[in-house]
Amino acid sequence: MKFDLRRMQLLRELAHRGTVTSVAAALSYSSSAVSQQLAVLEREIGAQLLVPDGRRVQLTPQAEILVQHTSVILEQLEAAEAEIAASMQNVVGSVRLATIQTAALACVPEMLTTLAATHPGLRVRLTQAEPDVAIPGLLAREFDLVCDEGFADFPAPRSSDTHLEAIAEDPMRVAFREPPEGQNAFDTRLEDFAEHPWVMELPGSPTREWAVATCRHAGFDPRIEHQTSDNLVQAELVARGQAVAFLPDLLWFGRRPTFHLRWMARSHTRTIVTTCRAGSQDHPAIAAVRGAFRQAFGVNRPAVTDR
């Protein structure tokens, strides 16, 4: 029995993306071509692989087995590519990087400057993307490395097909223009903002879920008036007195806040992480970009204090 790896990859893409249409769009195929290739794979395997489920499809147990083995094969190929690259004298090639906004603002320019001096044959191609887009894109081979965030008390699920490395800790401070009536800014507690309007990230994002859970832990459900994944927009709303927000310290590289910032608990901290596909973590290009990221964070980390 012969299995075609390209067709196996299509099935794995479908497992990550959920629809034939999305697989076709990502790989520049027609939907009919993807469906035909998956039908051929079913004949090769000798078992049904897909079950219709509305506009999506569900993988059968046999398909799940095949996807698991495909992941192992692809991880081995990633490791082989990394070993070959490590045997060469120079770090060359291209790394497609997806990163959250604050890291793109504060770290990426410094990182690119460092890499241009230390590894001139290495090219980094940047895309700003939130984790809900970047991580599936990593697994689908649209990106090679993702910089995003995690919260110790609210961990996001991570695929076993990825390799994660922590870069640094970044405090998340409560940002507000004026303290609650009759209070001093330095004596405020999170629960004091229970009746205030909040601006938070979009529903379903790890930061939004962490922020809501943190407020609930303080005894209230936040009154979310505004939603945006853009931290600069959030900061502007706070500056105009329109909302309260959780804002990361990394946002203040190259700028100064015009409002109060309070770090109210040790759990109000995010971890900046980089994620690559399992097997590629030893690739010299990935290691070089990760190292330059860590160095840039150390250089550009702003000295923010409660104010």
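The following dialogue discusses how to read several features of a predicted model.

Reader: Which overall figures describe the chain, and how many helices and strands does the chain have?

Author: In this predicted model, the chain has 10 helices and 11 strands. Its C-alpha atoms fill a box of roughly 75 × 50 × 30 Å along the principal axes. Of the 307 residues, 47% count as buried. Among contacts with a separation of 6 or more, 77% join residues 24 or more positions apart.

Reader: How is burial to be read for a single residue, and is Thr 70 buried or exposed?

Author: The general idea is a cut-off: a residue is buried under 20% relative accessible area and exposed over 50%. Thr 70 is buried because its relative accessibility is 0%. This residue is found in helix α4, which covers residues 61-86.

Reader: Which residues does Thr 70 touch, and which backbone oxygen does its side chain reach?

Author: The side chain of Thr 70 reaches the backbone oxygen of Leu 66 at 2.7 Å. Setting aside residues up to four places away in sequence, Thr 70 touches Met 8, Gln 9 and Arg 12.

Reader: Gln 68 lies in helix α4 as well. Is Gln 68 buried or exposed?

Author: Gln 68 counts as exposed because its relative accessibility is 54%. Helix α4 thus holds both the buried Thr 70 and the exposed Gln 68. Sequence distance and spatial distance should also be read separately. Gln 68 and Asp 161 are 93 residues apart in sequence, and their C-alpha atoms are 9.5 Å apart in space.

Reader: What should one read for a buried charged residue, taking Arg 262 as the case?

Author: One may take its place, its burial and its partners in turn. Arg 262 lies in strand β10, residues 260-262. With a relative accessible area of 12%, Arg 262 is buried, because the cut-off is under 20%. A polar atom of its side chain lies 2.9 Å from the backbone oxygen of Phe 186. Leaving aside neighbours within four places in sequence, Arg 262 is in contact with Arg 173, Val 174, Phe 176, Ala 185, Phe 186, Thr 188 and Asp 306.

Reader: How is a strand pairing read, and how many bridges join β1 to β2?

Author: One reads the direction, the bridges and the turn. Strands β1 (residues 50-53) and β2 (residues 56-59) run antiparallel and are joined by 4 bridges. Leu 50 stands opposite Leu 59 in β2. The hairpin has 2 residues between its strands, and Gly 54 takes a positive phi near 65° there.

Reader: How does one look for empty space in a model, and what is the volume of the largest pocket?

Author: Rolling a probe the size of a water molecule over the atoms shows where empty space is left. In this structure the largest pocket contains about 360 Å³ of space. Its lining has 20 residues, with Pro 131, Ile 135, Ala 156, Pro 157 and Pro 206 nearest the centre.

Reader: Which elements supply that lining, and how do its residues divide by class?

Author: Helix α7 (131-139), strand β5 (145-150) and helix α8 (206-217) each supply at least two residues. The largest share, 5 residues, comes from α7. By class, the lining of the largest pocket divides into 9 nonpolar, 6 polar and 5 charged residues.

Reader: How many cavities of 30 Å³ or more are found in the whole structure, and which residues lie closest to the centre of the largest cavity?

Author: The search finds 2 cavities of that size. The largest cavity has a volume of about 150 Å³. Of its 18 lining residues, Glu 149, Glu 201, Thr 207, Asn 231 and Gln 234 are the closest to the centre. Two or more residues come from each of α5 (101-106), β7 (197-200), α8, α9 (231-239) and β9 (245-248). Helix α8 gives the largest share, 3 residues. The lining of the largest cavity has 7 nonpolar, 6 polar and 5 charged residues.

Reader: Which residues line the second largest cavity, and which element gives the most to its lining?

Author: The second largest cavity, with a volume of about 60 Å³, is lined by Arg 12, Ser 71, Leu 74, Glu 75, Glu 78, Arg 141, Asp 161, Arg 277 and Ala 278. Helix α4 gives the most, with 4 residues. By class, this lining has 2 nonpolar, 1 polar and 6 charged residues. Two residues named earlier return here: Arg 12, which Thr 70 touches, and Asp 161, whose C-alpha atom is 9.5 Å from that of Gln 68.

How values were computed
Residues are numbered from 1 along each chain as its sequence is written. This is a predicted model: local features need pLDDT of at least 70, side-chain atom pairs count only at pLDDT 80 or more; totals for chains, interfaces and linings use all residues. Side-chain values use heavy atoms; hydrogens and water are left out. Buried means under 20% relative accessible area, exposed over 50%, partly exposed in between (1.4 Å probe, protein chains only). A polar contact is a pair of N or O atoms within 3.5 Å; within protein, one must be able to donate a hydrogen and the other to accept it, and residues adjacent in sequence count only if both atoms are side-chain atoms. Contact means heavy atoms within 4.5 Å. Two strands pair if DSSP finds at least two bridges between them. On a 1 Å grid over the protein atoms alone, a cavity is a set of points where a 1.4 Å probe fits but cannot get out, and a pocket is an open set with protein on both sides within 12 Å along at least five of seven lines; lining residues have an atom within 4 Å of a point. Grid points are joined across faces, edges and corners, and a volume is the space filled by probe spheres set on the points. Ala, Val, Leu, Ile, Met, Phe, Trp, Tyr, Cys and Pro count as nonpolar, Asp, Glu, Lys and Arg as charged, and the others, Gly among them, as polar.
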